[in-house]
Amino acid sequence: MAGKKNTTPEQQQYQQLQQKHEKKRPVLKNCIKAFFIGGLICTIGQAISYFYIYFFNFTEQSVGNPTVATMVFLSMLLTGFGVYDRLGQFAGAGSAVPVTGFGNAVISAAIEHRTEGFVLGVGGNMFKLAGSVLLFGVFAAFVVALIKTLLGIWGGI
Amino acid sequence: MLAMFFWAFVIGGLICVIGQLLFDVAKLTPGHTLSLLVVIGAVLAGFGLYEPLINFAGAGASIPITSFGNSLVNGALQDANNHGLIGVLTGMFQVTSSGVSAAIIFGFIGALVFKPKG
């Protein structure tokens, strides 16, 4: 995208015209859809959590791990059959923010690039979309944990 | 138990609404939004605010991607308590191993089984 500085007057006029005719995003409607689909996915997650607590002896604290793995597995099936992308068009952040969205990003990239071969295509592109989440998650966690640990060592907090 | 389902629905839905607002109002791309949410989760974990939310809302707090940042911090801090500073590195993926390994394994299986559409 061109910055505001390097545009001619004609271009600026056009940009204003474009802004005037640009469709306003239906923010409220999108938020309601995101709320219901996101809430529904989390409710399914809660049901899976109870399943693991009652049948496989997990505790409320440790149940997050198997639940996340199961949700990613479900997201593989839904992505493979093309359901999750359609859901994403409808729900926006409602399907992107839960961990199934992370799974969908990895899996759809893997499926999309399989024609380029398994090593360079699938292996090389798998984390194309989800890599930024991993990078910033890990780095932020590193900084936060480092600060807290150092404060604990020096300050006895 | 029913209350837990209710709060999972409400809190999970609200976190998704925050994501939707970042999409629509702040005009961030999905990549930026998810990265920001993970960082927010890590920072909240640093202040010890995310665990209470999980105790309160269950999967409503542990399924959204913010919990990924939270588990990374918790794993790092647990190992740092036991082994000192190097634990920050060794413990990083201890709690949240399943999300990443499941994504890799099922991603590869998915690529073996399914054909790209369109």
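The crossing of α3(A) and α7(B) is right-handed. That comes from a predicted model, and the predictor scores the complex with an ipTM of 0.90 and a pTM of 0.86. Here's a quick tour of that helix pair, then the domains of chain A and the confidence in chain B.

**How the two helices pack**
- The partners are helix α3 of chain A, covering residues 64-80, and helix α7 of chain B, covering residues 97-113.
- Their axes sit 9 Å apart and make an angle of about 20 degrees.
- Angles under 35 degrees count as roughly parallel, so α3(A) and α7(B) are roughly parallel to each other.

**Who touches whom**
- On the α3(A) side, the contact takes in Asn65(A), Pro66(A), Val68(A), Ala69(A), Val72(A), Phe73(A), Met76(A), Thr79(A) and Gly80(A).
- Facing them from α7(B) are Ser98(B), Gly99(B), Ala102(B), Ala103(B), Phe106(B), Ile109(B), Gly110(B) and Val113(B).
- Sort the residues of this contact by type and you get 11 nonpolar, 6 polar and no charged.

**Domains of chain A**
- The domain assignment splits out domain 1 (27-126) and domain 2 (131-157) in chain A.
- Between the C-alpha centres of domain 1 of chain A and domain 2 of chain A there are 27 Å.

**Confidence in chain B**
- Chain B has an average pLDDT of 89, and 98% of its residues score at least 70.
- Within chain B, helix α2 (residues 30-46) comes out highest at 92, while helix α6 (residues 87-90) is lowest with a mean of 88.

Definitions and conventions: Residues numbered from 1 in each chain as written. Chains lettered and ligands numbered in written order. Predicted model: local features only at pLDDT ≥ 70, side-chain atom pairs only at ≥ 80, totals over all residues. Axes fitted to C-alpha atoms, helices over the stretch in contact; angles between N-to-C directions. Helix = DSSP H or I, 4+ residues; strand = E, 2+ residues; numbered from the N terminus. Parallel < 35°, antiparallel > 145°, perpendicular 65-115°, else oblique. Left-handed = near helix turned anticlockwise from the far one by under 90°. Contact = placed C-beta atoms within 7 Å. Nonpolar A, V, L, I, M, F, W, Y, C, P; charged D, E, K, R; others polar. pLDDT = per-residue confidence, 0-100. Domains from an automatic or database assignment.
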